[in-house]
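Reader: I have a model open on my screen and would like to know what stands behind the labels people put on it. Could you take me through them?

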Amino acid sequence: MLTERLKVVKNLVENSITALDVGTDHGYVPICLIKEKRAKKVIAADINKGPLENAEKNIRLNGLSDKIELRLGGGLIPVEENEVDTVIIAGMGGILISEILEESRSKAIKLKNLVLQPMNSQEDLRKYLNLNGYKIVKEKLARENKKIYNILSVRVEEDKPYEKESYYFLGRPENFDLNDDLTRQYIDLRRKQFEAVIKNLSRAKRNVEEEIEFYKEILKDTEDFYG
Ligand SMILES: C[S@@+](CC[C@H](N)C(=O)[O-])C[C@H]1O[C@@H](n2cnc3c(N)ncnc32)[C@H](O)[C@@H]1O
């Protein structure tokens, strides 16, 4: 039932009393969390009615309506402070994820664990987390077809500033399993993306020397992942 991406997401949830799945859509993650006893109860929330109805059907078919509660609403708005210990926000843009956390900061900073899976703008999300009292303790990767997704396991904890600006774009090497073949594939893919950015910038008519230097620096720092 779960895609590779969502399998990694749910695997990062452990020993939760009550978890909140923000933007649950189909409700597959809450269903697995209960089936695998990763959470005792899950609140499956979505800002749109259609996805919530979809989730309701799947939850009912799995006989889990007593363990998964559905709530209509955006971000962390549908829950009270301290009502949940874990929040999952997957399949949304990195900037939207940081806006959701900022909008409900008083709730977010009481969480035990956050599992965040940005579809884009991962550098903006990492920077937001680092500057706002969150620490990425682990990064996992999931490959689906030609795409590789980053899944971040986050705690509420002051963190030191990132040693290199490039790590906002790549992640901190120490957070990855550097012996994993998927990490190698991820870095190879990121290198290709930055090489393409540099190529495009070199064709630009405006002055882009500084930008090019910046991306070359990131390319150089990808070497930190190869040990
Ligand atoms: C692309 S789907 C991702 C579904 C699932 N989380 C996943 O990763 O497969 C995005 C879902 O988030 C919902 N959504 C978008 N913005 C939201 C917000 N601010 N708060 C809660 N749900 C939101 C959408 O209605 C949609 O069901």
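Reader: How many salt bridges does a search of the whole structure find?

Author: Happy to start there: the search turns up 20 salt bridges. Do keep in mind that this is a predicted model.

Reader: Why is the meeting of Glu 69 and Lys 41 called a salt bridge?

Author: A salt bridge needs a side-chain nitrogen of Lys or Arg within 4 Å of a carboxyl oxygen of Asp or Glu. The side chains of Glu 69 and Lys 41 meet at 3.1 Å, N to O, so the pair qualifies.

Reader: What makes that pair a tie between parts of the chain?

Author: Glu 69 sits in strand β3 (residues 68–72) and Lys 41 in strand β2 (residues 39–46), so the bridge ties together parts that are 28 residues apart in sequence.

Reader: Let's turn to the ligand. Which residues are closest to the ligand, and how many surround it?

Author: The ligand is surrounded by 18 residues, and the closest are Arg 5, Gly 23, Asp 46, Asn 48 and Gly 75. By class, this shell has eight nonpolar, seven polar and three charged residues.

Reader: Why do the ligand's pairs with Arg 5 and Asn 48 count as polar contacts?

Author: The cut-off is 3.5 Å between N or O atoms. One ligand oxygen atom is 2.7 Å from an N or O atom in the side chain of Arg 5, and an oxygen atom of the ligand is 2.8 Å from an N or O atom in the side chain of Asn 48. Both pairs therefore count. With Ala 90 the partner is a polar backbone atom, 3.0 Å from a nitrogen atom of the ligand. As for cover, the protein takes up 79% of the 590 Å² of accessible area that the ligand has on its own.

Reader: Which element gives the largest share of the shell?

Author: That is β4, with three residues. Elements that each supply at least two are α1 (4–11), β4 (86–92) and α4 (94–103).

Reader: What lines the largest pocket?

Author: There are 15 lining residues, with Met 119, Gln 122, Ile 148, Arg 190 and Gln 193 nearest the centre. Two or more lining residues come from each of α6 (122–131), β7 (147–156) and α8 (181–202). The pocket's volume is about 310 Å³.

Reader: And how many cavities of 30 Å³ or more does the structure hold?

Author: The structure holds one. The largest cavity has about 40 Å³ of space, and its lining includes Leu 76, Glu 80 and Lys 107. By class, that lining has four nonpolar, one polar and five charged residues.

Terms used
Residues are numbered from 1 along each chain as its sequence is written. This is a predicted model: local features need pLDDT of at least 70, side-chain atom pairs count only at pLDDT 80 or more; totals for chains, interfaces and linings use all residues. Side-chain values use heavy atoms; hydrogens and water are left out. A residue is near a molecule or strand if one of its heavy atoms lies within 4 Å of it. A polar contact is a pair of N or O atoms within 3.5 Å; within protein, one must be able to donate a hydrogen and the other to accept it, and residues adjacent in sequence count only if both atoms are side-chain atoms. Accessible areas come from the Shrake-Rupley method with a 1.4 Å probe; for residues, only the protein chains shown count as cover. Helices (H or I, at least four residues) and strands (E, at least two) are DSSP runs, numbered from the N terminus. Ala, Val, Leu, Ile, Met, Phe, Trp, Tyr, Cys and Pro count as nonpolar, Asp, Glu, Lys and Arg as charged, and the others, Gly among them, as polar. On a 1 Å grid over the protein atoms alone, a cavity is a set of points where a 1.4 Å probe fits but cannot get out, and a pocket is an open set with protein on both sides within 12 Å along at least five of seven lines; lining residues have an atom within 4 Å of a point. Grid points are joined across faces, edges and corners, and a volume is the space filled by probe spheres set on the points.
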